[in-house]
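Below is a short note on the structure, set out as numbered points. It starts from one strand pairing and works outwards.

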Amino acid sequence: MNEPVPVHPAPVPVLALGDILLVSLQGELHDGLAEQLQQDLSHRIATTGVSGVVIDISGVDIVDSFLGRVLAEIASTARLLAARTVLAGMRPAVAITLVELGLVLPGLTTALDVDRAMEVLSQRGR
Amino acid sequence: MPHDQDATASAPQLVGSFLERRREQIAQRWADASLFRSVFTVSRDEAVEASKAVVDALSDVAVSGRLEDTTAPGYEPVREQLGRMTQNRARAGATPAGIADEVAALRTPTVDLLREEFADPTAPQAQECVLTLTLLLGTLRLVVLETALDAGAEMIERQRQQLLEVATPVIKLWEHTVAVPLIGTLDSARSQVVMESLLEAIVEQRARYAILDITGVPTVDSLVAQHLMKTVAAARLMGAECIVSGIRPAIAQTIVQLGIDLGSVLTRASLADALAYALSRQGIEVSRAQTGTNAR
C-alpha cells in the first residue's frame with residue numbers, strides 16, 4: 001500500500017488567509033494525523049509569522065479527550081510562537097458531550113463559526 | 001323467589017349465576033349509587049348500561065373461580081370503562097380513597113338482593129355465597145383503584161413532559177443576544193433541556209451573548225450550581241459569552257456559604273444589568289432620546 005507523499009505532506013489542509021492560518025478538521029483525527037498537523041502548524045506559524053490560527057471543527061462529530069488535548073497543545077504551541085488560536089464551529093451536541101465529560105478546554109478561545117473567529121482575531125490584533 | 005339452587009353447586013358458581021339472573025335489578029340499583037350517578041350525569045340509561053357491563057364482568061369472574069385475582073380475564077372488557085370512570089371522579093376532586101369507598105357502597109344493595117335469594121339467609125350456603133360476593137366486590141375495588149393509580153401516574157408523566165417543554169423558552173433579547181429565564185427547580189433533566197435549547201438558539205441567532213436568568217429558581221445548591229456552570233461552559237465552547245443574572249441576595253449568600261466557586265462565571269444582579277453589559281460589549285449604546293430633537 002503506497003502512502004501518498006506530496007511535497008508538503010499535509011493530510012489536514014492548512015490554508016493561509018492573510019495574517020491567519022485556517023485549519024478545517026473533517027471527521028476523525030488519528031494519532032498520526034494529529035501529530036503531523038501539530039508539526040505542520042508550528043512550522044507554518046514560525047516561518048510565516050502569522051498572528052492567528054483558526055481551527056474549524058464544524059465537520060467533527062465527536063471530540064474526545066485525545067482531540068481535546070491535541071487542540072489545547074496546538075493553542076499552547078501557537079501562543080509560544082505569538083499566534084492566537086480560535087476554535088470555531090463546534091456543534092451543540094459536541095459541546096454538550098465535552099461538558100458532560102468535564103472537558104471544557106479552558107485555555108482555548110472559541111467562536112461560533114470561522115467568520116466570527118476571524119472577527120475575534122482581528123479585534124484582538126488591533 | 002324460591003331457593004331453587006342446586007345444593008351441590010359451589011358458592012362462586014351460585015354467585016355467578018345469581019349475578020347473571022339478577023343483572024337487570026342489580027344494574028338498576030347500582031345506577032343510583034353515587035359512583036355511577038356522578039359519572040353518567042347525562043342519562044340514567046347510560047349508567048344502567050355501564051352497571052350491566054360491570055355486573056357481567058363480575059359474573060364471568062365468579063364463574064371462572066378467580067375471586068381474588070385482579071388480573072382475571074373477566075375484568076378486561078370493563079377495564080377501559082372503569083378507567084374512564086375513575087378519571088372522571090378524580091377530575092371532579094375525588095381522592096383514591098373516596099373512589100374506593102364509592103365502589104364499596106355497591107356492596108350493600110347487591111348483598112341485600114343475594115340474601116333475598118335464600119329462604120333462610122342464615123343457612124351455611126347463604127353465608128358462603130354472601131362471603132364470596134363480598135370477596136368479589138373487594139377485588140373489584142382493587143381493580144378500580146389500580147386503574148385509578150395507573151391513570152394518575154400517566155397524568156403525572158404527561159404533565160412532567162409538558163412542564164419540561166413549557167418551562168425553557170429561549171428569548172432573543174437583542175441582535176446576537178439571547179436569554180433563558182429559568183423558572184423552578186433546576187434538576188439534571190431540565191438543565192439538559194435548557195442546555196440543548198440554548199445551544200440551538202446560539203447557533204440559530206448567531207448569538208454572542210447568552211444570559212441565564214435565575215430569578216425564578218427558588219434555591220441554588222451545589223448541584224444546581226454545577227448545572228449552571230456546565231451550561232455556561234457549553235455556551236462558551238460554542239463561542240458565546242454566558243452571563244448569569246438574577247441572583248437574589250439570599251441565594252448569593254447561600255452560594256458563598258456552600259463554598260461554590262462561581263468565579264469563572266460572569267454574573268450580574270438583574271437581567272437588565274446583564275443586557276446592559278451585553279449591549280455595551282457590542283458597542284451598542286442605549287440613551288434617552290433628547291426632548292428637543294423630536295422633530296415633527
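1. Val244(B) has Thr267(B), in strand 5 of chain B, as its bridge partner. The model is a predicted one. Strand 4 (residues 241-245) of chain B and strand 5 of chain B run parallel and are joined by three bridges.

2. These strands belong to an open sheet of five strands in chain B, with the order 1-2-3-4-5 and mixed pairing. Strand 1 (171-174) and strand 5 (266-268) of chain B are the edge strands, each pairing on one side only. From one strand to the next, the twist averages 30°.

3. Helix 9 of chain B packs on this sheet, where it touches strand 1, strand 2 (177-183) and strand 3 (209-216) of chain B. The direction of helix 9 makes about 165° with that of strand 2 of chain B.

4. Helix 9 (residues 188-205) of chain B also meets helix 10 (residues 222-237) of chain B: their axes come within 10 Å and cross at roughly 20°. The two helices are therefore roughly parallel, an angle under 35 degrees being counted that way. The crossing is right-handed.

5. On the helix 9 side, this contact is made by Ser188(B), Ser191(B), Val194(B), Met195(B), Leu198(B), Leu199(B) and Ile202(B). Helix 10 of chain B contributes His227(B), Lys230(B), Thr231(B), Ala234(B) and Ala235(B). By class, the residues of the contact are seven nonpolar, four polar and one charged.

6. Is Leu198(B), of helix 9 of chain B, buried or exposed? Leu198(B) counts as buried because it has 26 C-beta neighbours inside 10 Å, and the cut-off for that class is 20 or more.

7. Setting aside neighbours within four places in sequence, Leu198(B) is in contact with Val170(B), Val180(B), Ala210(B), Thr231(B) and Ala235(B). Thr231(B) and Ala235(B) are among the residues through which helix 10 of chain B meets helix 9 of chain B. Val170(B) lies 28 residues from Leu198(B) in sequence, yet their C-alpha atoms are 6.3 Å apart.

8. Which elements of chain B give two or more residues to the side that touches chain A? They are helix 9 and helix 10 of chain B. The contact between the chains takes 15 residues from chain B and 13 residues from chain A. Helix 9 supplies the largest share of the chain B side, six residues. That side has nine nonpolar, one polar and five charged residues.

9. To sum up helix 9 of chain B: it packs on the sheet, runs roughly parallel to helix 10 of chain B, and gives six residues to the side of chain B that touches chain A.

Definitions and conventions:
Residues are numbered from 1 along each chain as its sequence is written. Chains are lettered from A and ligands numbered from 1 in the order in which they are written. This is a predicted model: local features need pLDDT of at least 70, side-chain atom pairs count only at pLDDT 80 or more; totals for chains, interfaces and linings use all residues. Axes are lines fitted to C-alpha atoms, for helices over the stretch in contact, and angles run from 0 to 180 degrees between N-to-C directions. Helices (H or I, at least four residues) and strands (E, at least two) are DSSP runs, numbered from the N terminus. Angles under 35 degrees count as roughly parallel, over 145 as roughly antiparallel, 65 to 115 as roughly perpendicular and the rest as oblique. A crossing is left-handed if the near helix is turned anticlockwise from the far one by less than a right angle, and right-handed if clockwise. Two residues are in contact if their C-beta atoms, placed from the backbone, lie within 7 Å. Ala, Val, Leu, Ile, Met, Phe, Trp, Tyr, Cys and Pro count as nonpolar, Asp, Glu, Lys and Arg as charged, and the others, Gly among them, as polar. Two strands pair if DSSP finds at least two bridges between them. A residue is buried if 20 or more other C-beta atoms lie within 10 Å of its own, exposed if 12 or fewer, and partly exposed in between; C-beta atoms are placed from the backbone.
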